[in-house]
Amino acid sequence: NVSFVELDLSKESSFSDLFRKDDLVINCAALNGTQNFYQVPLDVMLNTGISAFFAARYAALARVNKYIYLGSSESYAGGVNLGFVGVPTSEGVPLVIEDVENVRWSYSLGKTFGEVACYSASSQLDLNFQILRIHNIYGPRMGNKHVIPDLIEKFTSGNMDVPGYSESRAFMYIDDLVGVVRFLIANELNNIRLLNVGSQTETLIKTLAEKIAKALDIDKAIKPLDSWPGSVKRRLPDTSLLRSIYTFEETHLDKGLDKTISWYLKS
């Protein structure tokens, strides 16, 4: 029951007849992947921020029933790096571009632009929206520009390099995110505009790499590398607001990795 339409969402013309009154819109559109932030930052901004602006504006003009925007923890990462945003991190923290000379922040800026577009479209055009600030979702079919598929690809080719070895992240399996979105679709919570979505478990990249190597039955020594310039040292969301309205059992990292690795080895 899916109709696929291929559009360039960086072009305003793509939105002229896209939404209908009372639609549910879930905006997942972005150009993600750490390598992309450094290699094609203009493309990242165009396909992440500009597309989000048009989506929020035209969803509001069409009077859609609800607009759900998938934001990113990258929006506040600069504040963590600078030491005035705590970990675990709640929703109400400042969103910071740490260094305008570092093109890594192309993605953070794009995602932050999308959040501001939601509030602006609500103020000016009465858009009914919710922002899900996503934290390190993983699973099958996530491309190869994220840490888990990147390490799977590297390790199976004999490359044991692990950038950001001493960093930590909170990894959430895709099925858990789907459960959150389904809950929000079924329950109208107009008073909640912004929700952190992610795992409550902080995992070192070192530990993640060891788990992946073990699952792949690889016993070669892992080679720790420095982090990407500007990469946040720690990332762990405060999800108490989400868990006050929605109860679920989080998929254990080992189980999620097994499913993810199995898919990538077959594909």
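Two residues count as being in contact when heavy atoms of theirs lie within 4.5 Å. With that in hand, lysine 259 is a handy place to start in this predicted model. Lysine 259 sits in helix H9, which covers residues 253-266. Setting aside residues up to four places away in sequence, lysine 259 touches Pro140, Tyr173 and Asp175. Glycine 139 is 120 residues away from lysine 259 along the chain, yet the two C-alpha atoms are separated by 7.3 Å. As for exposure, lysine 259 comes out as partly exposed, because its relative accessibility is 36%, and that class lies between the 20% and 50% cut-offs.

Next along the chain comes threonine 260, also found in helix H9. Threonine 260 is buried, because its relative accessible area is 0%, and buried means under 20%. Its contacts, again leaving out residues up to four places away in sequence, are Tyr138, Gly139, Pro140, Ile148 and Tyr173. Pro140 and Tyr173 turn up on the contact lists of lysine 259 and threonine 260.

One of those partners, isoleucine 148, deserves a look of its own. Isoleucine 148 belongs to helix H5, made up of residues 147-156. With a relative accessible area of 1%, isoleucine 148 is buried. Beyond its neighbours within four places in sequence, isoleucine 148 meets Tyr138, Phe171, Leu208, Ile212, Leu257 and Thr260. Arginine 104 is another story: 44 residues separate arginine 104 and isoleucine 148 along the chain, and their C-alpha atoms are 19 Å apart.

Helix H4 takes up residues 105-125, 21 residues in all. From first C-alpha to last, H4 reaches 29 Å, close to the 30 Å expected at 1.5 Å a residue. Just after H4 comes aspartate 126, with a positive phi of about 65°.

H4 also has a packing partner. Two packed helices are described by the angle between their axes and the distance between the axes. Helix H3 (residues 74-82) packs against H4 at an angle of about 120°, the axes being 7 Å apart. That angle makes H3 oblique to H4, because 65 to 115 degrees would count as roughly perpendicular and over 145 as roughly antiparallel. On the H3 side the contact involves Glu74, Ser75, Ala77, Gly78 and Asn81, and these meet Trp105, Tyr107, Ser108, Lys111, Thr112 and Glu115 of H4.

Turning to the strands, S1 covers residues 24-27 and its side chains alternate. Val25 and Asn27 point to one face and are buried, while Leu24 and Ile26 point to the other face and are not. S1 pairs with strand S2 (residues 66-72) in the parallel sense, over four bridges. Within that pairing, leucine 24 has lysine 66 of S2 as its bridge partner.

That leaves the cysteines. A disulfide is a covalent bond between the sulfur atoms of two cysteines. The structure holds zero disulfides. Cysteine 28 is in no disulfide, and the nearest cysteine sulfur, belonging to cysteine 118, is 12 Å away. Seen from the other end, cysteine 118 is likewise in no disulfide, with the sulfur of cysteine 28 as its nearest cysteine sulfur at 12 Å. A pair would need sulfur atoms within 2.5 Å to count. The surroundings of the two contrast: cysteine 28 is exposed because its relative accessibility is 52%, whereas cysteine 118 is buried because its relative accessibility is 0%.

How values were computed: Residues numbered from 1 in each chain as written. Predicted model: local features only at pLDDT ≥ 70, side-chain atom pairs only at ≥ 80, totals over all residues. Heavy atoms only, no water. Buried < 20%, exposed > 50% of the residue type's maximum accessible area, 1.4 Å probe, protein only. Helix = DSSP H or I, 4+ residues; strand = E, 2+ residues; numbered from the N terminus. Pairing = 2+ DSSP bridges. Expected span 1.5 Å × (residues − 1). Axes fitted to C-alpha atoms, helices over the stretch in contact; angles between N-to-C directions. Parallel < 35°, antiparallel > 145°, perpendicular 65-115°, else oblique.
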